[in-house]
Amino acid sequence: MNETSSTSKKPLVLHAITGLNAGGAERMLARLVLHSTQFRHIVVPLIGLGAVGQMLRQAGVEVHSLDLSKAYPWPGGVLKFRNLLQDRRPDIIDSWMSYADVLATLTSTGMGTPLIWNIRN
């Protein structure tokens with residue numbers, strides 16, 4: 001079996017996170033994505049790419065920034081995120097931090113995709 005077909009059979013996890021600056025949750029997400037071998041990963045920061053997002057891209061991780069405004073991420077954010085979910089069809093949605101948790105909940109409702117909240121303090 002070639003690597004492409006073996007990789008495509010791994011479950012796809014879409015990680016939504018408020019931003020990817022160099023904070024604790026952001027670094028933890030990067031460690032998880034870079035060291036996980038059981039899953040394929042897509043990382044979706046709501047607000048900009050940040051230093052961690054750039055590092056993930058350089059490492060070959062698929063990163064899609066929604067580039068939303070901190071002040072007013074709705075309703076454009078819901079539409080952008082919903083379109084990405086419909087296009088990529090993840091097996092699991094893993095949201096990090098409160099804004100991403102709310103956006104992922106609103107957006108994924110009715111899709112049948114399991115959603116995991118990751119709340120860090």
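Which residues in helix 4 are buried? Here are some notes to read with the structure open; keep in mind that this is a predicted model.

1. Start with helix 4 itself, which runs over residues 76-88. Its 13 residues should span 18 Å at 1.5 Å a residue, and the end C-alpha atoms are indeed 18 Å apart, so the two values agree.

2. Now for the opening question: the buried residues in helix 4 are Gly77, Phe81, Leu84 and Leu85. They sit on the same side of helix 4, because the arc they cover around the axis is only 100°. If that spacing looks odd in the sequence, remember that an α-helix has 3.6 residues a turn, so residues three or four places apart point the same way.

3. Turn helix 4 around and you'll find Leu79 and Asp87 on the other side, both exposed.

4. What lies over the buried residues of helix 4? The cover includes strand 1 (12-17), strand 2 (40-45), strand 4 (92-96) and helix 5 (98-108).

5. Take a look at what comes right after helix 4, too: Arg89 follows, and its phi is positive, near 50°.

6. Next, the pocket. The largest pocket has a volume of about 240 Å³. It is lined by 12 residues, and those closest to its centre are Val33, Ser36, Phe39, Arg40 and His41. Helix 2 (24-35) and strand 2 are the elements that give two or more residues to this lining.

7. As for the character of that lining, the largest pocket has 4 nonpolar, 5 polar and 3 charged residues around it.

Note on methods
Residues numbered from 1 in each chain as written. Predicted model: local features only at pLDDT ≥ 70, side-chain atom pairs only at ≥ 80, totals over all residues. Heavy atoms only, no water. Helix = DSSP H or I, 4+ residues; strand = E, 2+ residues; numbered from the N terminus. Expected span 1.5 Å × (residues − 1). Buried < 20%, exposed > 50% of the residue type's maximum accessible area, 1.4 Å probe, protein only. Arc of directions from axis to C-beta. Contact = heavy atoms within 4.5 Å. 1 Å grid on protein atoms, 1.4 Å probe; cavity = no way out; pocket = protein on both sides within 12 Å on 5 of 7 lines; lining within 4 Å. Points joined across faces, edges and corners; volume = space filled by probe spheres on them. Nonpolar A, V, L, I, M, F, W, Y, C, P; charged D, E, K, R; others polar.
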